Amino acid sequence: MIKAVAVDKKFEKLQAVTNLSLHVRKGSIYGLLGSNGAGKTTLLKMIAGIYKQDKGEIKISEQPIYEMPETKQRVLFIPDQPYFLHQTSLLNMAWFYEQVYTKWNAKRFKQLTTHFRMDPTKNLSRMSKGMQRQASFILTLSAMPDVLILDEPFDGLDPVVRQQMKNLILQDVAERGLTLIVSSHNLREMEDFCDYVGIMHKGTLLFERDMDELKTDIHKLQIAFKNVPEKSFLDGMDVLHYEKRGSVVLCIVKGKMEDISAYVRSYNPAIFDLLPLTLEEIFIYELGGVGYEIRNLIVE
Ligand SMILES: Nc1ncnc2c1ncn2[C@@H]1O[C@H](COP(=O)(O)OP(=O)(O)OP(=O)(O)O)[C@@H](O)[C@H]1O
């Protein structure tokens, strides 16, 4: 659905995005994580057709987006700083969106405005940051996009509204096959929301994973032995991390749960627990292996 191949973007001498390729499947939610200045906004603006890449190719449903009004009809972007026409109300913005977006859904606009208790006649510039963000969501979701590009979308929303917005998006993903790419600094928030996660660092995509695979492919084992076996016991597994505390062995292992389980049980452990890992722990161990410190890349 969204395909970026070998994309570069430079601002004068600053290389903001370098040789980046990414694929987001229809109906999925792709979380783009990374520290300040990693290049997330630049990448999102290229995918939204706001910036033109210097090199490489970006296509949405096989169509280019830059200066392509037809593709832009279906691809909406919510920037990190909401932007509205000068001194205008939500109602005026709705009128403007209706002229631009052919799939504008007036009924939905009305429902969402009522649901979020927004005064559609109030000047948007006099609204709080969180209310302006809600207004952006209401307008964007009422334009019925096929692709939604969100730059740190939930900042400034209170927890209740944040959850309601996520639910609305998830409903569109399930019912209309909406495709989403969303940037964030918050790993924990992305954990429950995304199907795929990518980490950007210094303009490149350092790491990209399917969340389901990620969670089923990596395990934390806590094993207690009456007689702790030789360290060669670890050689039979793909071990990312190992600690021994007395007769208890704690390790992080990659692979299929059934295979790991059968292997460990063949050593007759006194106690054997498979514990869940958080996304942060998974990244710490996976990226630790390639020499990156996740806590330096993702700040909450
Ligand atoms: N319009 C611009 N002109 C010049 N440099 C820019 C421009 N936009 C971004 N940059 C630079 O490109 C790099 C990547 O910026 P970008 O905003 O894409 O990062 P980001 O990952 O979104 O960061 P943050 O998490 O802080 O929003 C930064 O060094 C930034 O200063």
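In what order do the four strands of the open sheet with antiparallel pairing stand? In this predicted model, the order of that open sheet is β12-β13-β11-β14, and its pairing is antiparallel. The protein chain that holds this sheet has eleven helices and 14 strands in its secondary structure, and the points below take up the chain as a whole, its hairpin at β1 and β2, the surroundings of the ligand, and then the open sheet again.

**The chain as a whole**

- Along its principal axes, the C-alpha trace of the protein chain spans about 75 × 45 × 30 Å, and 34% of the 300 residues in the chain count as buried.
- When contacts between residues at least 6 apart in sequence are considered, 69% of them join residues that are at least 24 apart.
- An unreviewed UniProt entry places the feature "domain: ABC transporter" at residues 2-227; in the model, this span is 35% helix and 31% strand, and its end C-alpha atoms lie 54 Å apart.

**Strand β1 and its two partners**

- As background, the strands of a sheet pair through backbone hydrogen bonds, and this pairing may be either parallel or antiparallel.
- Strand β1, which covers residues 2-11, runs antiparallel to strand β2, which covers residues 14-24, and seven bridges join the two; within this pairing, K9 stands opposite V17 in β2.
- The hairpin that β1 and β2 form has two residues between its strands, and E12 takes a positive phi there, near 50°.
- Strand β1 is also joined to strand β4, residues 55-60, by five bridges, and these two strands likewise run antiparallel; here K3 stands opposite K59 in β4.

**Helix α1 and the ligand**

- The residues that surround the ligand are F11, L14, A16, G34, N36, G37, A38, G39, K40, T41 and T42, and by kind they divide into four nonpolar, six polar and one charged.
- Both β2 and α1 supply at least two residues each to this shell, and it is α1 that gives the most, with three residues.
- Helix α1, which runs over residues 40-47, is mostly covered, since six of its eight residues are buried; the buried residues are K40, T42, L43, L44, M46 and I47.
- Two of these names, K40 and T42, therefore appear in both lists: they are buried in α1, and they are also found among the residues that surround the ligand.
- After α1 comes G49, a residue whose phi is positive, near 80°.

**The open sheet and helix α9**

- To return to the opening question, the open sheet has four strands in the order β12-β13-β11-β14, with antiparallel pairing.
- The edge strands of this sheet are β12, residues 238-245, and β14, residues 271-275, each of which pairs on one side only.
- On average, neighbouring strands of the sheet are turned by 15° against each other, if direction is ignored.
- Strand β12 pairs with strand β13, residues 248-254, in the antiparallel sense over seven bridges, and one pair in this arrangement is formed by V239 and its bridge partner V253 in β13.
- Helix α9, made of residues 257-265, packs on the sheet and touches β11 (218-224), β13 and β14, while its direction makes about 15° with that of β11.

Technical notes:
Residues are numbered from 1 along each chain as its sequence is written. This is a predicted model: local features need pLDDT of at least 70, side-chain atom pairs count only at pLDDT 80 or more; totals for chains, interfaces and linings use all residues. A residue is buried if 20 or more other C-beta atoms lie within 10 Å of its own, exposed if 12 or fewer, and partly exposed in between; C-beta atoms are placed from the backbone. UniProt positions are given in the numbering used here, feature names are shortened, and annotations may be inferred rather than shown by experiment. Two strands pair if DSSP finds at least two bridges between them. A residue is near a molecule or strand if its C-beta atom, placed from the backbone, lies within 6 Å of it. Ala, Val, Leu, Ile, Met, Phe, Trp, Tyr, Cys and Pro count as nonpolar, Asp, Glu, Lys and Arg as charged, and the others, Gly among them, as polar. Axes are lines fitted to C-alpha atoms, for helices over the stretch in contact, and angles run from 0 to 180 degrees between N-to-C directions. Two residues are in contact if their C-beta atoms, placed from the backbone, lie within 7 Å.
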